[in-house]
Amino acid sequence: MASILIVDDEAAFSSGISEYLELHGHKVVSANSLATARRVLPERRPDVVLLDLMLPDGSGLELLDAFKDHRPEKVVIITGHPGVKSLIGGMAGEGISYMKKPIEPRELTSLLSTVGNSTVTEKVLEPSGPGHFGLMVGESDAMKNVYETIRQVARTDSTVFIQGESGTGKELVADAIHRLSKQEGPFVPVNCGSLNRDLLSSQLFGHEKGSFTGATRRHVGVFERANGGTLFLDEITEMPIEMQTHLLRVLETGKILRVGAEDEIAVNARLIAATNKDPVRAIKKGELREDLYFRLRVFPIILPPLRERQKDIELLSGHFLQELNEKNGTQKPFTAEAIEMLKRHTWPGNVRELKHTVHRAYIMADTEVNIPDRFDEDLPGEIEGLRVGRSIADIEKDLILATLEHFSDDKKAAAASLGISLKTLYNRLKEYENES
(Lines give C-alpha, C1' and ligand atoms only; values in the text may rest on other atoms or scores of the structure.)
Protein backbone atom coordinates (compact mmCIF):
# COMPACT_ATOMS: atom_id res chain seq x y z
CA MET A 1 0.00 0.00 0.00
CA ALA A 2 1.17 3.53 -0.73
CA SER A 3 2.00 6.47 1.52
CA ILE A 4 0.01 9.41 0.12
CA LEU A 5 0.17 13.14 0.74
CA ILE A 6 -2.87 15.21 -0.27
CA VAL A 7 -2.13 18.93 -0.67
CA ASP A 8 -5.43 20.75 -1.17
CA ASP A 9 -7.17 23.60 0.64
CA GLU A 10 -10.67 22.23 -0.03
CA ALA A 11 -11.48 20.39 3.20
CA ALA A 12 -14.46 18.42 1.85
CA PHE A 13 -12.42 17.12 -1.08
CA SER A 14 -9.43 16.10 1.08
CA SER A 15 -11.65 14.42 3.65
CA GLY A 16 -13.62 12.43 1.08
CA ILE A 17 -10.59 11.23 -0.86
CA SER A 18 -8.70 10.43 2.36
CA GLU A 19 -11.55 8.26 3.60
CA TYR A 20 -11.73 6.40 0.30
CA LEU A 21 -7.96 5.80 0.09
CA GLU A 22 -7.70 4.71 3.73
CA LEU A 23 -10.54 2.25 3.12
CA HIS A 24 -8.27 0.69 0.48
CA GLY A 25 -5.38 0.38 2.92
CA HIS A 26 -3.28 3.42 1.99
CA LYS A 27 -1.67 5.72 4.57
CA VAL A 28 -2.88 9.26 3.98
CA VAL A 29 -1.78 12.65 5.33
CA SER A 30 -3.41 15.95 4.30
CA ALA A 31 -2.01 19.48 4.08
CA ASN A 32 -4.08 22.57 3.25
CA SER A 33 -1.20 24.85 2.19
CA LEU A 34 2.33 24.86 0.79
CA ALA A 35 3.73 25.75 4.20
CA THR A 36 2.03 22.78 5.88
CA ALA A 37 3.13 20.43 3.08
CA ARG A 38 6.74 21.57 3.43
CA ARG A 39 6.63 20.80 7.16
CA VAL A 40 5.16 17.36 6.53
CA LEU A 41 7.53 16.25 3.74
CA PRO A 42 10.73 15.72 5.79
CA GLU A 43 8.82 13.37 8.11
CA ARG A 44 6.60 11.49 5.65
CA ARG A 45 8.44 10.95 2.34
CA PRO A 46 5.26 9.96 0.44
CA ASP A 47 5.12 7.56 -2.50
CA VAL A 48 2.33 9.61 -4.10
CA VAL A 49 1.40 13.29 -3.87
CA LEU A 50 -2.05 14.55 -4.89
CA LEU A 51 -1.33 18.21 -5.50
CA ASP A 52 -3.73 21.11 -6.04
CA LEU A 53 -2.41 23.93 -8.21
CA MET A 54 -4.26 26.79 -6.55
CA LEU A 55 -3.24 26.97 -2.88
CA PRO A 56 -3.70 29.88 -0.44
CA ASP A 57 0.03 30.63 -0.24
CA GLY A 58 1.12 29.92 -3.83
CA SER A 59 1.13 27.45 -6.70
CA GLY A 60 1.30 23.75 -5.95
CA LEU A 61 4.06 23.46 -8.54
CA GLU A 62 6.38 25.22 -6.09
CA LEU A 63 6.28 22.08 -3.96
CA LEU A 64 8.11 20.08 -6.66
CA ASP A 65 11.36 21.77 -5.64
CA ALA A 66 10.90 20.53 -2.06
CA PHE A 67 11.09 16.88 -3.08
CA LYS A 68 14.86 17.21 -3.64
CA ASP A 69 16.45 13.77 -3.97
CA HIS A 70 13.37 11.86 -2.78
CA ARG A 71 10.92 12.38 -5.59
CA PRO A 72 7.57 10.61 -5.14
CA GLU A 73 6.86 7.81 -7.55
CA LYS A 74 3.79 9.70 -8.76
CA VAL A 75 2.69 13.34 -8.58
CA VAL A 76 -0.96 13.82 -9.51
CA ILE A 77 -1.88 17.42 -10.28
CA ILE A 78 -5.51 17.94 -9.24
CA THR A 79 -7.32 21.12 -10.13
CA GLY A 80 -10.74 22.50 -10.91
CA HIS A 81 -9.25 24.66 -13.68
CA PRO A 82 -9.25 22.81 -17.03
CA GLY A 83 -7.08 25.45 -18.70
CA VAL A 84 -3.93 24.19 -17.00
CA LYS A 85 -3.97 20.83 -18.77
CA SER A 86 -1.67 22.04 -21.54
CA LEU A 87 0.79 23.26 -18.91
CA ILE A 88 0.84 19.93 -17.10
CA GLY A 89 1.15 18.03 -20.35
CA GLY A 90 4.31 19.97 -21.19
CA MET A 91 6.06 19.41 -17.89
CA ALA A 92 9.29 17.44 -17.96
CA GLY A 93 9.85 14.31 -15.92
CA GLU A 94 8.14 11.00 -15.41
CA GLY A 95 5.44 10.30 -12.90
CA ILE A 96 3.45 13.50 -13.50
CA SER A 97 -0.30 12.93 -13.99
CA TYR A 98 -3.30 15.22 -14.29
CA MET A 99 -6.84 14.92 -12.96
CA LYS A 100 -9.60 17.48 -13.12
CA LYS A 101 -12.07 17.98 -10.27
CA PRO A 102 -14.45 16.45 -9.49
CA ILE A 103 -12.39 13.29 -9.81
CA GLU A 104 -13.70 9.74 -9.71
CA PRO A 105 -12.13 7.96 -6.69
CA ARG A 106 -11.98 4.70 -8.66
CA GLU A 107 -9.63 6.36 -11.17
CA LEU A 108 -7.25 6.91 -8.27
CA THR A 109 -7.52 3.24 -7.32
CA SER A 110 -6.43 2.26 -10.82
CA LEU A 111 -3.60 4.79 -10.84
CA LEU A 112 -2.31 3.73 -7.43
CA SER A 113 -2.36 0.04 -8.37
CA THR A 114 0.86 0.61 -10.31
CA VAL A 115 2.73 2.21 -7.40
CA GLY A 116 5.56 0.16 -5.96
CA ASN A 117 5.35 -3.61 -6.16
CA SER A 118 2.08 -4.46 -7.87
CA THR A 119 2.40 -8.17 -7.10
CA VAL A 120 0.63 -8.71 -3.79
CA THR A 121 0.90 -12.05 -2.01
CA GLU A 122 -1.60 -13.75 0.22
CA LYS A 123 0.28 -12.53 3.31
CA VAL A 124 -1.07 -9.05 2.61
CA LEU A 125 -4.58 -10.37 3.09
CA GLU A 126 -3.99 -12.40 6.19
CA PRO A 127 -6.02 -11.06 9.13
CA SER A 128 -4.41 -8.00 10.73
CA GLY A 129 -6.51 -8.59 13.83
CA PRO A 130 -9.32 -10.82 15.11
CA GLY A 131 -11.98 -11.18 12.46
CA HIS A 132 -10.06 -9.30 9.77
CA PHE A 133 -9.41 -10.51 6.22
CA GLY A 134 -7.62 -7.81 4.27
CA LEU A 135 -9.99 -4.82 4.24
CA MET A 136 -12.98 -6.95 5.25
CA VAL A 137 -14.09 -7.38 8.85
CA GLY A 138 -16.20 -10.24 10.18
CA GLU A 139 -15.84 -13.46 12.11
CA SER A 140 -19.30 -14.97 11.58
CA ASP A 141 -19.54 -18.34 9.89
CA ALA A 142 -21.06 -16.66 6.84
CA MET A 143 -18.02 -14.39 6.41
CA LYS A 144 -15.55 -17.19 7.08
CA ASN A 145 -17.18 -19.06 4.19
CA VAL A 146 -16.74 -15.99 1.99
CA TYR A 147 -13.05 -15.74 2.91
CA GLU A 148 -12.48 -19.38 2.04
CA THR A 149 -14.34 -18.97 -1.25
CA ILE A 150 -12.13 -15.99 -2.14
CA ARG A 151 -8.98 -18.02 -1.46
CA GLN A 152 -10.22 -20.85 -3.66
CA VAL A 153 -11.23 -18.81 -6.71
CA ALA A 154 -8.28 -16.39 -6.52
CA ARG A 155 -5.90 -19.17 -7.54
CA THR A 156 -7.75 -19.58 -10.84
CA ASP A 157 -8.46 -17.23 -13.74
CA SER A 158 -12.22 -17.90 -13.65
CA THR A 159 -14.77 -15.17 -14.21
CA VAL A 160 -16.53 -14.32 -10.93
CA PHE A 161 -20.09 -13.06 -10.37
CA ILE A 162 -20.70 -11.37 -7.00
CA GLN A 163 -24.25 -10.91 -5.82
CA GLY A 164 -25.13 -8.90 -2.72
CA GLU A 165 -27.22 -6.03 -1.44
CA SER A 166 -25.86 -2.48 -1.55
CA GLY A 167 -23.33 -1.90 1.17
CA THR A 168 -22.24 -5.53 1.65
CA GLY A 169 -18.71 -4.97 0.28
CA LYS A 170 -18.76 -6.36 -3.25
CA GLU A 171 -15.82 -4.23 -4.39
CA LEU A 172 -13.77 -5.31 -1.36
CA VAL A 173 -14.35 -8.95 -2.35
CA ALA A 174 -13.29 -8.26 -5.94
CA ASP A 175 -10.20 -6.42 -4.72
CA ALA A 176 -9.29 -9.31 -2.41
CA ILE A 177 -9.60 -11.83 -5.27
CA HIS A 178 -7.29 -9.68 -7.37
CA ARG A 179 -4.68 -9.35 -4.61
CA LEU A 180 -4.61 -13.08 -3.96
CA SER A 181 -4.31 -13.92 -7.66
CA LYS A 182 -1.12 -14.29 -9.66
CA GLN A 183 -1.99 -11.35 -11.88
CA GLU A 184 0.56 -8.56 -11.98
CA GLY A 185 -1.61 -6.02 -13.81
CA PRO A 186 -3.83 -3.39 -12.13
CA PHE A 187 -7.21 -3.71 -10.48
CA VAL A 188 -9.59 -1.49 -12.47
CA PRO A 189 -13.03 -0.96 -10.85
CA VAL A 190 -15.84 0.45 -13.00
CA ASN A 191 -19.35 1.36 -11.88
CA CYS A 192 -21.60 0.60 -14.85
CA GLY A 193 -24.24 2.97 -13.50
CA SER A 194 -21.85 5.92 -13.80
CA LEU A 195 -20.85 5.29 -17.42
CA ASN A 196 -21.97 7.83 -20.01
CA ARG A 197 -24.46 6.09 -22.32
CA ASP A 198 -23.35 8.15 -25.34
CA LEU A 199 -19.67 7.36 -24.76
CA LEU A 200 -20.05 3.83 -23.41
CA SER A 201 -18.18 2.06 -26.24
CA SER A 202 -15.29 4.51 -25.90
CA GLN A 203 -15.14 4.17 -22.12
CA LEU A 204 -15.12 0.37 -22.27
CA PHE A 205 -13.08 -0.30 -25.41
CA GLY A 206 -11.34 3.02 -26.21
CA HIS A 207 -11.29 5.07 -29.40
CA GLU A 208 -8.91 6.28 -32.08
CA LYS A 209 -8.09 9.91 -32.70
CA GLY A 210 -10.65 11.52 -35.00
CA SER A 211 -13.16 8.68 -34.68
CA PHE A 212 -15.90 11.14 -33.64
CA THR A 213 -16.34 14.82 -32.89
CA GLY A 214 -14.20 15.71 -29.88
CA ALA A 215 -11.90 12.68 -30.20
CA THR A 216 -8.71 14.75 -30.31
CA ARG A 217 -6.45 11.90 -29.22
CA ARG A 218 -6.41 8.15 -28.85
CA HIS A 219 -8.17 6.93 -25.71
CA VAL A 220 -7.48 3.63 -23.96
CA GLY A 221 -10.61 1.98 -22.54
CA VAL A 222 -10.95 0.12 -19.25
CA PHE A 223 -10.40 -3.31 -20.83
CA GLU A 224 -6.95 -2.27 -22.06
CA ARG A 225 -6.15 -0.53 -18.78
CA ALA A 226 -6.91 -3.77 -16.96
CA ASN A 227 -4.77 -5.89 -19.31
CA GLY A 228 -2.85 -8.45 -17.26
CA GLY A 229 -4.96 -7.61 -14.22
CA THR A 230 -8.60 -7.55 -13.14
CA LEU A 231 -11.57 -5.58 -14.49
CA PHE A 232 -14.37 -5.21 -11.95
CA LEU A 233 -17.74 -4.26 -13.45
CA ASP A 234 -20.00 -3.21 -10.59
CA GLU A 235 -23.78 -2.85 -11.02
CA ILE A 236 -23.63 -4.83 -14.28
CA THR A 237 -27.43 -4.62 -14.67
CA GLU A 238 -27.08 -0.84 -15.11
CA MET A 239 -25.21 -1.39 -18.39
CA PRO A 240 -27.50 -0.78 -21.40
CA ILE A 241 -28.78 -4.05 -22.82
CA GLU A 242 -27.41 -3.29 -26.32
CA MET A 243 -23.90 -2.89 -24.92
CA GLN A 244 -24.13 -6.21 -23.11
CA THR A 245 -23.98 -7.91 -26.52
CA HIS A 246 -20.57 -6.35 -27.16
CA LEU A 247 -19.38 -7.33 -23.70
CA LEU A 248 -20.41 -10.93 -24.32
CA ARG A 249 -18.39 -10.99 -27.55
CA VAL A 250 -15.30 -9.69 -25.76
CA LEU A 251 -15.63 -12.43 -23.16
CA GLU A 252 -15.91 -15.09 -25.87
CA THR A 253 -13.10 -13.83 -28.14
CA GLY A 254 -10.74 -12.07 -25.72
CA LYS A 255 -10.50 -9.18 -28.19
CA ILE A 256 -11.76 -5.60 -28.28
CA LEU A 257 -12.24 -3.12 -31.09
CA ARG A 258 -11.60 0.54 -30.37
CA VAL A 259 -14.15 2.97 -31.79
CA GLY A 260 -12.84 4.07 -35.19
CA ALA A 261 -10.28 1.25 -35.44
CA GLU A 262 -10.07 -1.49 -38.07
CA ASP A 263 -8.08 -4.14 -36.21
CA GLU A 264 -9.05 -5.88 -32.99
CA ILE A 265 -6.74 -5.92 -29.98
CA ALA A 266 -6.24 -8.97 -27.76
CA VAL A 267 -6.74 -8.29 -24.05
CA ASN A 268 -6.10 -10.56 -21.10
CA ALA A 269 -8.06 -9.16 -18.17
CA ARG A 270 -9.84 -11.26 -15.60
CA LEU A 271 -13.46 -10.13 -15.31
CA ILE A 272 -15.38 -9.86 -12.05
CA ALA A 273 -18.98 -8.61 -12.27
CA ALA A 274 -21.36 -7.68 -9.47
CA THR A 275 -24.97 -6.71 -8.91
CA ASN A 276 -27.20 -5.75 -6.00
CA LYS A 277 -30.25 -7.11 -7.82
CA ASP A 278 -31.72 -10.57 -8.20
CA PRO A 279 -30.24 -11.57 -11.60
CA VAL A 280 -33.20 -13.79 -12.49
CA ARG A 281 -35.59 -10.88 -12.03
CA ALA A 282 -33.21 -8.60 -13.92
CA ILE A 283 -33.29 -11.02 -16.86
CA LYS A 284 -37.11 -11.09 -16.84
CA LYS A 285 -37.21 -7.27 -16.74
CA GLY A 286 -34.82 -7.02 -19.69
CA GLU A 287 -32.01 -5.48 -17.63
CA LEU A 288 -29.58 -8.37 -18.08
CA ARG A 289 -29.03 -10.72 -21.01
CA GLU A 290 -29.49 -14.33 -20.01
CA ASP A 291 -26.55 -15.55 -22.12
CA LEU A 292 -24.28 -12.89 -20.58
CA TYR A 293 -25.39 -13.87 -17.09
CA PHE A 294 -24.46 -17.51 -17.59
CA ARG A 295 -21.15 -16.47 -19.17
CA LEU A 296 -20.35 -14.29 -16.15
CA ARG A 297 -21.62 -16.76 -13.55
CA VAL A 298 -18.72 -19.19 -13.89
CA PHE A 299 -18.01 -18.85 -10.18
CA PRO A 300 -20.79 -17.16 -8.15
CA ILE A 301 -20.26 -15.56 -4.74
CA ILE A 302 -23.29 -14.46 -2.72
CA LEU A 303 -22.54 -11.97 0.07
CA PRO A 304 -24.68 -12.18 3.21
CA PRO A 305 -26.52 -9.02 4.32
CA LEU A 306 -25.53 -7.63 7.70
CA ARG A 307 -28.83 -8.73 9.28
CA GLU A 308 -27.73 -12.34 8.68
CA ARG A 309 -24.37 -11.83 10.41
CA GLN A 310 -25.42 -10.34 13.73
CA LYS A 311 -22.21 -11.60 15.32
CA ASP A 312 -20.22 -9.11 13.23
CA ILE A 313 -22.10 -5.93 14.15
CA GLU A 314 -20.20 -5.22 17.38
CA LEU A 315 -16.89 -6.13 15.73
CA LEU A 316 -17.54 -3.85 12.75
CA SER A 317 -18.76 -0.99 14.94
CA GLY A 318 -15.65 -1.22 17.09
CA HIS A 319 -13.46 -1.31 13.99
CA PHE A 320 -15.02 1.84 12.52
CA LEU A 321 -14.86 3.66 15.86
CA GLN A 322 -11.21 2.70 16.32
CA GLU A 323 -10.40 4.10 12.86
CA LEU A 324 -12.06 7.40 13.78
CA ASN A 325 -10.27 7.57 17.14
CA GLU A 326 -6.89 6.86 15.54
CA LYS A 327 -7.47 9.39 12.77
CA ASN A 328 -8.51 12.17 15.16
CA GLY A 329 -6.33 11.36 18.17
CA THR A 330 -9.27 10.60 20.48
CA GLN A 331 -10.33 7.72 22.72
CA LYS A 332 -14.12 7.87 22.63
CA PRO A 333 -15.74 4.55 23.65
CA PHE A 334 -19.23 3.26 22.90
CA THR A 335 -21.75 3.26 25.71
CA ALA A 336 -23.27 -0.12 26.55
CA GLU A 337 -26.63 1.23 25.36
CA ALA A 338 -25.11 2.17 22.00
CA ILE A 339 -23.88 -1.38 21.38
CA GLU A 340 -27.32 -2.79 22.19
CA MET A 341 -28.99 -0.25 19.90
CA LEU A 342 -26.64 -1.16 17.03
CA LYS A 343 -27.32 -4.86 17.53
CA ARG A 344 -31.11 -4.37 17.43
CA HIS A 345 -31.15 -2.50 14.12
CA THR A 346 -31.77 -4.51 10.92
CA TRP A 347 -29.34 -2.43 8.76
CA PRO A 348 -31.06 -2.27 5.37
CA GLY A 349 -28.03 -0.33 4.11
CA ASN A 350 -25.71 -3.04 5.45
CA VAL A 351 -22.08 -2.33 6.39
CA ARG A 352 -22.08 1.02 4.58
CA GLU A 353 -25.03 2.24 6.65
CA LEU A 354 -23.41 0.98 9.86
CA LYS A 355 -20.18 2.82 9.08
CA HIS A 356 -21.91 6.14 8.47
CA THR A 357 -24.09 5.70 11.56
CA VAL A 358 -20.98 5.22 13.71
CA HIS A 359 -19.36 8.22 12.04
CA ARG A 360 -22.33 10.49 12.73
CA ALA A 361 -22.56 9.30 16.35
CA TYR A 362 -18.83 9.87 16.82
CA ILE A 363 -19.10 13.46 15.56
CA MET A 364 -21.97 14.20 17.96
CA ALA A 365 -20.21 12.66 20.99
CA ASP A 366 -18.18 14.72 23.45
CA THR A 367 -16.82 11.80 25.46
CA GLU A 368 -18.79 8.57 25.06
CA VAL A 369 -20.41 7.57 21.77
CA ASN A 370 -24.14 6.97 22.04
CA ILE A 371 -26.79 6.09 19.46
CA PRO A 372 -30.08 8.04 19.69
CA ASP A 373 -33.31 6.13 20.17
CA ARG A 374 -35.16 5.32 16.92
CA PHE A 375 -32.25 6.76 14.91
CA ASP A 376 -33.34 4.66 11.93
CA GLU A 377 -36.88 6.01 11.96
CA ASP A 378 -36.08 9.68 12.50
CA LEU A 379 -37.16 10.83 9.05
CA PRO A 380 -39.61 13.58 8.03
CA GLY A 381 -43.25 12.56 8.06
CA GLU A 382 -44.36 14.80 5.22
CA ILE A 383 -43.90 12.18 2.51
CA GLU A 384 -47.18 11.58 0.73
CA GLY A 385 -46.54 7.83 0.64
CA LEU A 386 -48.65 5.07 -0.86
CA ARG A 387 -51.99 5.71 -2.41
CA VAL A 388 -53.76 4.45 -5.51
CA GLY A 389 -52.62 6.34 -8.59
CA ARG A 390 -49.10 7.14 -7.39
CA SER A 391 -46.22 5.46 -9.24
CA ILE A 392 -43.39 3.67 -7.47
CA ALA A 393 -40.98 6.09 -9.13
CA ASP A 394 -42.80 9.08 -7.57
CA ILE A 395 -42.74 7.49 -4.11
CA GLU A 396 -39.05 6.67 -4.50
CA LYS A 397 -38.31 10.25 -5.56
CA ASP A 398 -40.14 11.68 -2.54
CA LEU A 399 -38.27 9.35 -0.20
CA ILE A 400 -34.87 10.19 -1.67
CA LEU A 401 -35.45 13.96 -1.57
CA ALA A 402 -36.86 13.82 1.96
CA THR A 403 -33.89 11.77 3.16
CA LEU A 404 -31.47 14.23 1.58
CA GLU A 405 -33.24 17.11 3.30
CA HIS A 406 -33.12 15.26 6.62
CA PHE A 407 -29.36 14.77 6.36
CA SER A 408 -28.77 18.39 5.25
CA ASP A 409 -27.80 17.29 1.73
CA ASP A 410 -25.13 14.90 3.05
CA LYS A 411 -25.29 12.48 0.12
CA LYS A 412 -23.11 9.80 1.71
CA ALA A 413 -25.28 9.69 4.82
CA ALA A 414 -28.48 9.72 2.75
CA ALA A 415 -27.29 6.88 0.52
CA ALA A 416 -26.31 4.81 3.57
CA SER A 417 -29.70 5.39 5.19
CA LEU A 418 -31.52 4.50 1.98
CA GLY A 419 -29.42 1.39 1.46
CA ILE A 420 -28.20 2.39 -2.00
CA SER A 421 -24.78 3.20 -3.41
CA LEU A 422 -23.62 6.79 -3.72
CA LYS A 423 -23.46 6.39 -7.50
CA THR A 424 -27.06 5.22 -7.64
CA LEU A 425 -28.10 8.26 -5.61
CA TYR A 426 -26.26 10.60 -7.99
CA ASN A 427 -27.91 8.87 -10.97
CA ARG A 428 -31.35 9.35 -9.45
CA LEU A 429 -30.68 13.03 -8.72
CA LYS A 430 -29.50 13.55 -12.28
CA GLU A 431 -32.74 12.01 -13.55
CA TYR A 432 -34.75 14.38 -11.35
CA GLU A 433 -32.82 17.36 -12.73
CA ASN A 434 -33.60 16.29 -16.30
CA GLU A 435 -37.30 16.02 -15.42
CA SER A 436 -37.49 19.61 -14.21
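# A tour of four helices and a pocket

Start by selecting α14 and helix α16 (residues 411–418): their axes come within 8 Å and cross at roughly 130°. Axes here are lines fitted to C-alpha atoms, for helices over the stretch in contact, and angles run from 0 to 180 degrees between N-to-C directions. Helices are DSSP runs (H or I, at least four residues), numbered from the N terminus. That crossing angle makes α14 oblique to α16, given that angles under 35 degrees count as roughly parallel, over 145 as roughly antiparallel, 65 to 115 as roughly perpendicular and the rest as oblique.

Before going further, note that this is a predicted model, where local features need pLDDT of at least 70 and side-chain atom pairs count only at pLDDT 80 or more, while totals for chains, interfaces and linings use all residues. Residues are numbered from 1 along each chain as its sequence is written, and side-chain values use heavy atoms, with hydrogens and water left out.

Now show side chains on the same pair. Arg352, Glu353, His356 and Arg360 of α14 meet Lys412, Ala413, Ala416 and Ser417 of α16, contact meaning heavy atoms within 4.5 Å. Coloured by class, this contact has 2 nonpolar, 2 polar and 4 charged residues. The classes are nonpolar (Ala, Val, Leu, Ile, Met, Phe, Trp, Tyr, Cys and Pro), charged (Asp, Glu, Lys and Arg) and polar (the others, Gly among them).

Next, keep helix α14 (residues 350–364) and add α12: the two pack at an angle of about 45°, with their axes 10 Å apart. This pair is therefore oblique as well. Among the contact residues you can pick out Phe320, Leu321 and Leu324 of α12, and Val351, Leu354 and Tyr362 of α14. The contact of α12 with α14 has 9 nonpolar, 4 polar and 1 charged residues.

Hide α14 and bring in helix α13 (residues 336–344) beside helix α12 (residues 313–328); their axes come within 9 Å and cross at roughly 125°. α12 and α13 are therefore oblique to each other. Select Ile313, Glu314 and Ser317 of α12 with Ile339, Leu342 and Lys343 of α13 to see the contact. Its residues divide into 3 nonpolar, 1 polar and 2 charged.

Last stop: the second largest pocket, with a volume of about 500 Å³. A pocket is found on a 1 Å grid over the protein atoms alone, as an open set of points where a 1.4 Å probe fits, with protein on both sides within 12 Å along at least five of seven lines; lining residues have an atom within 4 Å of a point. The volume is the space filled by probe spheres set on the points, which are joined across faces, edges and corners.

Centre on Asn276, Glu396, Ile420, Thr424 and Arg428, which lie nearest the pocket's centre among its 17 lining residues. α15 (392–406) and α17 (422–435) each supply at least two residues of the lining, and α15 gives the most, with 4 residues. By class, the lining has 6 nonpolar, 5 polar and 6 charged residues.
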